[in-house]
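Here is a short set of questions and answers for a first look. Keep the sequence and the model at hand.

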Amino acid sequence: MNFKYFTLSIALSTGLVACGVESKNEQNQTTNAKTEETTPKEPKLSELALKGEQLFQANCMQCHLISKDALIGPGMSGVAKRVPSKEWAKKFINNSQAVIKSGDKYAVALYEKYNKSVMTSFNFSDEEFESLWQYLEEAGQ
Ligand code: HEC
């Protein structure tokens, strides 16, 4: 074998090795992409709660977070278990000031704690309130 052919064959085999390494890398990348796709998502809300979520985002989020953290008003985490009753929540959401003025102890204490910030009054139908409540129960764990 003369020198010219020797260098040529080295060049060729280096090329082949390089190609082999490259295609291996590509395979690794595709495997990584697949793992990311199968990462679990947040727990799903029921259909009713999803309606409530829309109402919450449109009417409540400027003052309430669904987490434990307070904003203008208290964080909504655990609220469904915390308030005196579901009926109480309905009255309070539709007219918090009326509940506070009636002397309701829980409402007055909350009002004092939040520096007498006045919550907006709403006029939700029974269906709308049910979906909001469902959302608070499911998402506000
Ligand atoms: C303008 C701000 C504001 C908006 C908008 C608002 N809230 Fe409030 N909310 C408050 C404040 C402040 C309090 C604390 C009591 C008070 O000061 O009257 C409160 C208290 C509450 C409570 C009692 C919380 C507890 O810890 O017991 C519930 C339930 C509640 N809000 C639900 C809602 C829902 C549902 C909406 C949307 C439909 C809403 N709020 C919209 C400000 C707001």
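Q: Which residues is Leu-132 in contact with, leaving aside its neighbours within four places in sequence?
A: This is a predicted model. Contact here asks for C-beta atoms within 7 Å. Beyond its sequence neighbours, Leu-132 has these contacts: Gly-52, Leu-55, Phe-56 and Phe-124.

Q: Which helix gives the largest share of the largest nonpolar core?
A: The largest nonpolar core has 8 residues, among them Leu-132 and Phe-56. Trp-133, Tyr-135, Leu-136 and Ala-139 also belong to it. Of this core, 5 residues come from a helix spanning residues 126-139, the largest share. That helix is H7.

Q: How many residues are in the second, separate core?
A: Phe-92, Ile-93, Ile-100 and Leu-110 are included in this second core. Its total is 6 residues.

Q: Which helix supplies the largest share of the shell around the ligand?
A: Around the ligand are 23 residues, with Cys-60, Cys-63, Gly-73, Ser-117 and Met-119 coming nearest. Helices H3 (79-82), H4 (86-94) and H6 (105-113) each supply at least two shell residues. The largest share is 3 residues, and it comes from H4.

Q: How many charged residues does the shell around the ligand have?
A: By class, 15 shell residues are nonpolar and 7 are polar. The charged class has 1.

Q: Why does Tyr-106 count as partly exposed?
A: Tyr-106 lies in helix H6. A buried residue needs 20 or more C-beta neighbours within 10 Å, and an exposed one has 12 or fewer. Tyr-106 falls in between, because its count inside 10 Å is 15.

Key
Residues are numbered from 1 along each chain as its sequence is written. This is a predicted model: local features need pLDDT of at least 70, side-chain atom pairs count only at pLDDT 80 or more; totals for chains, interfaces and linings use all residues. A nonpolar core is a set of buried Ala, Val, Leu, Ile, Met, Phe, Trp, Tyr and Cys residues joined through C-beta atoms within 7 Å. Helices (H or I, at least four residues) and strands (E, at least two) are DSSP runs, numbered from the N terminus. Two residues are in contact if their C-beta atoms, placed from the backbone, lie within 7 Å. A residue is near a molecule or strand if its C-beta atom, placed from the backbone, lies within 6 Å of it. Ala, Val, Leu, Ile, Met, Phe, Trp, Tyr, Cys and Pro count as nonpolar, Asp, Glu, Lys and Arg as charged, and the others, Gly among them, as polar.
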